[in-house]
Amino acid sequence: MTDIRSGNSAFDLIAASAAAAETRRRRVRIRNFGVGVAGFLVLLLLWKLGVMVFHVQPYILPAPEQVFVALWSGIAVSPASPLGWYLPLWSTMSNALLGFAIGAVLGLLFGSLMAEFRPVETAVMPYAFALQSLPKVAIAPLIVIWCGFGDGSKVAMAALLAFFPMMVNSFAGIRASELERLELMRALSASRLETYYLVKLPSAAPYIFAGLDMGIVYALLGTIVAEFLGAQEGMGVAITKAQAVTDVAGVFAALVVLGATGVLLHLIVRWIERSIVHWADRGKH
Amino acid sequence: MAYTSEAAGQLATAVPTASAKAASARSALIAVEGVVKIYSTVAGEPVLALDRVDLNIRDGEFVCLVGPSGCGKTTLMRLLAGLDRADAGTSSLGGKLLDGPSPEVGVVFQQSNLLPWFTVWQNVTLPLHVGGGKGVGEREAALRDLLDIAGLKGFENKYPYELSGGMQQRVAIVRALARDPKLLLMDEPFGALDALTRERMNAELQRIWMASGKTVVLITHSIDEAIFLGDRVVVMSPRPGRIVRDLVVDVRRPRVAAETFGSPAHVALAREIRTLLDG
């Protein structure tokens, strides 16, 4: 009887220590969240004090509450209202996501071809590097000339900016495939295509997701830049409109909307990555 | 060094005579004849990795290759796996020349080398899906049996990172047997495991081997492992890699670690191998 009781208490101890560890982790998470919120409030307070103490004019730097009012006035309307954020955000997002999809697919394709075929690498690499070192937003005027002021130039800019991180990352990721795994496929007489999609592509997945993460933010950037150069709708238009009437609070509010969108897109990519590449960094034997 | 290679040369003459070799070659499943392999170092200097290696292995035999690092045992394994080509000499399996990867040869690598993005089942069936494989088909029952024998029943849908190192290596063994090969090549399969797990894995491997009846070539640098598992222990010398002695382990199966280790036969063999390796 004593044995059984002591056995039970050992299990109880293990369970209790696991529960304690979980509580500790939760407490740390709550504390981190608290620190984040506190830091944000301090920042707002400093901003407000700065504006008050130095009598900064609202057309230079609006007070935080003015930005909030501008932000809210765009949120608290019907989604179909031309005054809301919804229509311009939808326009920007749809163009950015379409461009992102095109750029990502092309980037993966080119990166894969370069990694798989040396001649392609030799032929394409110099241009890739030249284009990569070029500030790509400087190409935007050309893109507008070629694709017009409509959605085409926005999609094209988004695709162009999303293309490079995807190409470079998928190239690097495929080249980083482990030799032992490639030898396994060789010992199994696997075809090149089989080796590519069963070993190289999954090996490159962590790199590819890093490329997607960068690419989606760049695609948003590309769309906004193209919108600055001329567009009928979109967040870039909302910003230039507000700027034209020195509605600086409106500009700030638009930036907040764009920033939040960027963070959301990043989180979505990370979430997809975690569910697909769940095996990465775990149990490499 | 001069002394070592001279000693190795003398020992090499102790290997069976040419006529005896020819006789055994006829009944051999695997025949390695006069194989030479030369590597070039990074500096471009040629290194003789294997020097006229002859080896015959009968169907169903368990042969262990032992030797110090750099004796060319991995080179020999890569040649048999079709991952490298010999510079001279031939190897054949069942009379067919081995000059590239063959479905008749299953390979177990040093680390389990499982694909982490696939489940256990996806990993063990991989060989049936690639290289012109027709899918799992009628191999399914045999594979499920093998998983059962290897103590992996119920783990089919787990990912490799959810398994222990020993279990991962057992998955790798089942994968190597997926195509029902004649020859199973194992390159220090348990080198990464701790001593106790390794001993257990040796017993497991003996069981799997006895159940499957495959011919096995296992490379190891553990003398105990070689004697415990092998019907024969082939001792190799360091550069240039040569076979210096081919020893028969005359201990009945199934062998049990607690009985085999420390038995007079084991101790005598271990002493002989150690002397050869120190030579």
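Author: Axes here are lines fitted to C-alpha atoms, for helices over the stretch in contact, and angles run from 0 to 180 degrees between N-to-C directions. With that in hand, and bearing in mind that this is a predicted model, helix H3 (residues 73-80) of chain B lies across E1, E2 and E4 of chain B and runs at about 65° to E2(B).

Reader: Thanks! What makes E2-E1-E4-E5 of chain B an open sheet?

Author: The edges tell you. Strand E2 (46-58) and strand E5 (96-97) of chain B each pair on one side only. The four strands therefore form an open sheet, in the order E2-E1-E4-E5, with antiparallel pairing.

Reader: How do you know that strand E1 and strand E4 of chain B pair?

Author: Pairing needs at least two bridges. Five bridges join strand E1 (residues 28-40) to strand E4 (residues 88-93) of chain B, so the two strands count as paired, and they run antiparallel. As a place to look, Glu33(B) stands opposite Thr90(B) in E4(B).

Reader: Why is strand E9 of chain B called largely enclosed?

Author: A residue is buried if 20 or more other C-beta atoms lie within 10 Å of its own. Five of the six residues of strand E9 (residues 232-237) of chain B are buried, so this strand is largely enclosed by the rest of the structure. For the whole of chain B, buried residues make up 42% of the 279 residues.

Reader: Which strands does E9(B) pair with, and in which directions?

Author: There are two to look at. Strand E3 (residues 62-66) of chain B is joined to E9(B) by four bridges, and this pair runs parallel. Val66(B) stands opposite Val235(B) there. Strand E10 (residues 242-248) of chain B is joined to E9(B) by six bridges, and that pair runs antiparallel. In this second pair, Met236(B) stands opposite Ile243(B). Both bridge counts meet the minimum of two, so each pair qualifies.

Reader: What links E9(B) and E10(B) in sequence?

Author: They form a hairpin, with four residues between them.

Reader: How do you know which parts of chain B deserve caution?

Author: Confidence runs from 0 to 100 for each residue. In chain B, helix H1 (residues 2-12) has the lowest mean, at 41, whereas helix H4 (residues 120-129) has the highest, at 95. Over residues 1-20 of chain B, pLDDT stays under 50, and the model has 16 contacts beyond four places in sequence for this stretch. Where pLDDT is low, the predicted coordinates should not be read in detail. For chain B overall, the mean pLDDT is 85, and 90% of its residues reach 70 or more. The model scores ipTM 0.83 and pTM 0.81.

Reader: Which residues make up the contact between the chains, and what gives the most on the side of chain A?

Author: Chain A supplies 18 residues and chain B 20. Helix H7 (179-187) and helix H8 (192-228) of chain A each supply at least two residues of the side of chain A that touches chain B. H7(A) gives the most to that side, with seven residues. The residues on this side of chain A divide into nine nonpolar, three polar and six charged.

Reader: Where do the domains of chain A lie, and what separates their centres?

Author: The domain assignment gives domain 1 (1-55) and domain 2 (70-276) for chain A. Taken over C-alpha atoms, the centres of these two domains of chain A are separated by 36 Å.

Technical notes. Residues are numbered from 1 along each chain as its sequence is written. Chains are lettered from A and ligands numbered from 1 in the order in which they are written. This is a predicted model: local features need pLDDT of at least 70, side-chain atom pairs count only at pLDDT 80 or more; totals for chains, interfaces and linings use all residues. A residue is buried if 20 or more other C-beta atoms lie within 10 Å of its own, exposed if 12 or fewer, and partly exposed in between; C-beta atoms are placed from the backbone. Two residues are in contact if their C-beta atoms, placed from the backbone, lie within 7 Å. Ala, Val, Leu, Ile, Met, Phe, Trp, Tyr, Cys and Pro count as nonpolar, Asp, Glu, Lys and Arg as charged, and the others, Gly among them, as polar. pLDDT is the predictor's confidence in each residue, from 0 to 100. Domain bounds come from an automatic or database domain assignment.
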